[in-house]
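Trainee: Could you take me through one part of this model closely, and then show me how the rest of the chain sits around that part? I would like a connected account rather than a list.

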Amino acid sequence: MISKERVQQLFNYNRLNGEIRWKVNFNPRAKKGSVAGYIDQKGYRQITILGKKYTAQKIAWTFINGRYKGQIQNIDGNILNNAIQNLKIK
């Protein structure tokens with residue numbers, strides 16, 4: 001898993017609406033200020049960092065709380081609602 005420090009270097013996170021934006025120009029498609037990631041076939045926002053995919057839930061949780069054990073679940077069932085108050089460890 002990516003560290004809290006690295007996540008905070010790469011992203012800005014809006015804890016109220018769960019939006020994750022690039023803080024830096026990471027690569028040609030990941031520009032500073034743009035919303036990070038893409039929606040996969042299952043409907044989850046995926047964010048790729050150096051070839052490894054992370055769900056937005058994992059990035060949001062790590063940004064605020066650091067590393068975790070278990071799975072992160074969206075409390076309201078909306079898998080795109082990554083506001084920190086809507087996430088919990090399952």
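**The sheet and its surroundings**

Mentor: Happy to. Let us begin with an open sheet of 3 strands, ordered S3-S4-S5, in which the pairing is antiparallel. The edges are taken by strand S3 (38-39) and strand S5 (52-55); each has a single partner strand, so one side of each is left without a neighbour in the sheet. As a general point, the strands of a sheet pair through backbone hydrogen bonds, and they can do so in a parallel or an antiparallel way. Here, S3 and strand S4 (residues 45-49) are joined in the antiparallel sense over 2 bridges. If you want a spot to look at in the viewer, find tyrosine 38, which stands opposite glutamine 46 in S4. Please keep in mind throughout that this is a predicted model.

Now bring in the helix that covers part of this sheet. H2 lies across S4 and S5, and its direction makes an angle of about 75 degrees with S5. How much of H2 is covered? Mostly covered is the fair description, as 8 of its 10 residues are buried. The buried residues are Ala56, Gln57, Ile59, Ala60, Trp61, Thr62, Phe63 and Ile64. Just beyond, H2 is followed by glycine 66, which has a positive phi, near 85 degrees.

One of those buried helix residues leads us on to the aromatic rings. A pair of aromatic rings is described by the distance of the centres and the angle of the planes. The count in this model comes to 3 aromatic pairs. Phenylalanine 11 and tryptophan 22 make a tilted pair, with 4.5 Å from centre to centre and 40 degrees between the planes. This pair links distant parts of the chain, with phenylalanine 11 in strand S1 (residues 11-13) and tryptophan 22 in strand S2 (residues 20-22), 11 residues apart. Phenylalanine 11 counts as buried because its relative accessibility is 0%, and tryptophan 22 is buried too, with a relative accessible area of 4%.

Tyrosine 13 and phenylalanine 63 form another tilted pair, at 5.6 Å centre to centre and with 55 degrees between the planes. Tyrosine 13 lies in strand S1 and phenylalanine 63 in helix H2 (residues 56-65), so this pair ties together parts that are 50 residues apart in sequence. Tyrosine 13 is buried, at 11% relative accessible area, and phenylalanine 63 counts as buried at 15% relative accessibility. Ring pairs also link Phe11, Trp22 and Phe26 into a cluster.

Let us stay with that part of the chain for a moment and turn to lysine 23, which has its place in the loop between S2 and S3. Is lysine 23 buried or partly exposed? Lysine 23 counts as partly exposed, because its relative accessibility is 32%. Leaving out neighbours within four places in sequence, lysine 23 is in contact with Gln8, Gln9, Leu10, Phe11, Asn12 and Lys32. The side chain of lysine 23 also reaches the backbone oxygen of glutamine 8, at 2.8 Å. For a sense of distance, the C-alpha atoms of lysine 23 and asparagine 65 are separated by 19 Å, with their positions 42 residues apart along the chain.

Another loop residue worth a look is asparagine 86, found in the loop between strand S6 (72-74) and strand S7 (87-89). Asparagine 86 counts as buried because its relative accessibility is 6%. Not counting residues up to four places away in sequence, asparagine 86 touches Gln73, Asn74, Ile75, Asp76, Asn78 and Asn81.

Finally, step back to the whole chain. Its secondary structure comes to 2 helices and 7 strands, and from the N terminus on the elements run α-β-β-β-β-β-α-β-β. The C-alpha atoms fill a box of roughly 35 × 25 × 25 Å along the principal axes. For 90 residues, a compact globule would have a radius of gyration near 12 Å, and the chain agrees with this at 12 Å. Of the 90 residues, 38% count as buried. Among contacts between residues at least 6 apart in sequence, 37% join residues at least 24 apart.

Terms used
Residues numbered from 1 in each chain as written. Predicted model: local features only at pLDDT ≥ 70, side-chain atom pairs only at ≥ 80, totals over all residues. Heavy atoms only, no water. Phe/Tyr/Trp six-rings, centres within 6.5 Å; stacked < 30°, edge-to-face > 60°. Helix = DSSP H or I, 4+ residues; strand = E, 2+ residues; numbered from the N terminus. Buried < 20%, exposed > 50% of the residue type's maximum accessible area, 1.4 Å probe, protein only. Contact = heavy atoms within 4.5 Å. Pairing = 2+ DSSP bridges. Axes fitted to C-alpha atoms, helices over the stretch in contact; angles between N-to-C directions. Polar contact = N/O pair within 3.5 Å; in protein donor to acceptor, adjacent residues only side chain to side chain. Rg over C-alpha atoms; globule rule 2.2 N^0.38 Å.
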